[in-house]
Amino acid sequence: MADTGSAQDHGRLAQFEEHRGRLWGIAYRIMGTVADADDAVQEAWLRWQALPDEPPVASPRGFLTTVVSRICYDLLGSARARREMYVGPWLPEPLLGGAVGTPPVGPVAPDGSGPEDRVTLDESVGMALLTVLERLTPAERTAFILHDVFAVPFPEIAEAVGRTPDSVRQLASRARKRVRAEAPRRTVDRAEHRRTVEAFLGAVMGGDFDALLSVLDPEVVWRSDGGGKVSAARRPVLGREKVARFVQGLVTRGAEQQNLRVAVVDVNGATGLAFTDATGRQAGVFAFTVHEGRITEVDAVLNPDKLGHLDLDRL
């Protein structure tokens, strides 16, 4: 006789695994950390596993999206309180490799915004945009990510955040306007972005101060996240001259260059840099925003707690 319970468990696991990538992509964009995204997906699995067999869930994708979004929405409130006490700028945890999660398919629910108003999957995981999302309320951030990135209908978002569909529509609209106003201008040409980052690296490693100045935007912003664990600027460094001299100082008083391994890598969907030294005591990941062939923003994640999920020894 077939083991009906085992077959049902296997089917439920298979359904969850089918949507795991999408769930993790949603969780990371809402939370901005790998550990929190992992925890949210694990909790969603436990809730999915605990469901009774009858009646069957009509839409596992919709149900799981609502569950993981609700978990993240609840977590984000306490996470924001901790981040307000953080030493220096708080930046999201970097991802090396391509963007994560399933891209949206089909039109967005009618609310005056069409597909052209939505961010692309790469944009939605980019360090610069995630930093802007930190300034939104938990409800605004959740509504924006679910609707504008993953095309979740407003009634489903309303279940996740405990609001009415009309209220959620207004949340997404406010978030969209703020993102448009505050997100930095950036090139969509991946080749141009990569050339600019490589030019920056060449100037830094070659000690060419003038070349470094030429690749930086006059109003460039450098943010360093050391979390109080390593030496890092506790306030953003602003302006081309200051950033260039700051970078120059990092090189001259930092690790001996012969012991430093630097690699051009994909950071949150765009070309960036990662480095480590032979001892493993110094490491970091740099994400860049590029516009018209110049770097406008640099987000430097140096806090070792935010790099533990990365295999930087392979650089």
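**Close-up views of a six-stranded sheet**

**View 1. The surroundings of Asp277 in strand E4.** Leaving aside residues up to four places away in sequence, Asp277 is in contact with Asn259, Leu260, Arg261 and Gln282. In this predicted model, Asp277 belongs to strand E4, which covers residues 270-277. Because its relative accessibility is 8%, and buried means under 20%, Asp277 counts as buried.

**View 2. The open sheet and its strand order.** The sheet has 6 strands in the order E2-E1-E6-E5-E4-E3, and its pairing is mixed. Strand E2 (237-238) and strand E3 (260-267) are the edge strands, each of which pairs on one side only. Strands of a sheet pair through backbone hydrogen bonds, either parallel or antiparallel. Helix H9, made of residues 190-206, lies across E1, E3, E4, E5 and E6, and runs at about 30 degrees to E4.

**View 3. Strand E6 beside strand E1.** Strand E6, residues 294-301, is mostly covered, with 7 of its 8 residues buried. Strand E1, residues 216-225, pairs with E6 in the parallel sense over 6 bridges. Among the bridge partners are Leu216 with Ile295 in E6, and Ser224 with Ala300 in E6.

**View 4. The hairpin of strands E5 and E6.** Strand E5, residues 283-291, pairs with E6 in the antiparallel sense over 7 bridges, and Val285 stands opposite Val301 in E6. In this hairpin, where 2 residues lie between the strands, Glu292 takes a positive phi near 55 degrees.

Terms used:
Residues are numbered from 1 along each chain as its sequence is written. This is a predicted model: local features need pLDDT of at least 70, side-chain atom pairs count only at pLDDT 80 or more; totals for chains, interfaces and linings use all residues. Side-chain values use heavy atoms; hydrogens and water are left out. Helices (H or I, at least four residues) and strands (E, at least two) are DSSP runs, numbered from the N terminus. Buried means under 20% relative accessible area, exposed over 50%, partly exposed in between (1.4 Å probe, protein chains only). Contact means heavy atoms within 4.5 Å. Two strands pair if DSSP finds at least two bridges between them. Axes are lines fitted to C-alpha atoms, for helices over the stretch in contact, and angles run from 0 to 180 degrees between N-to-C directions.
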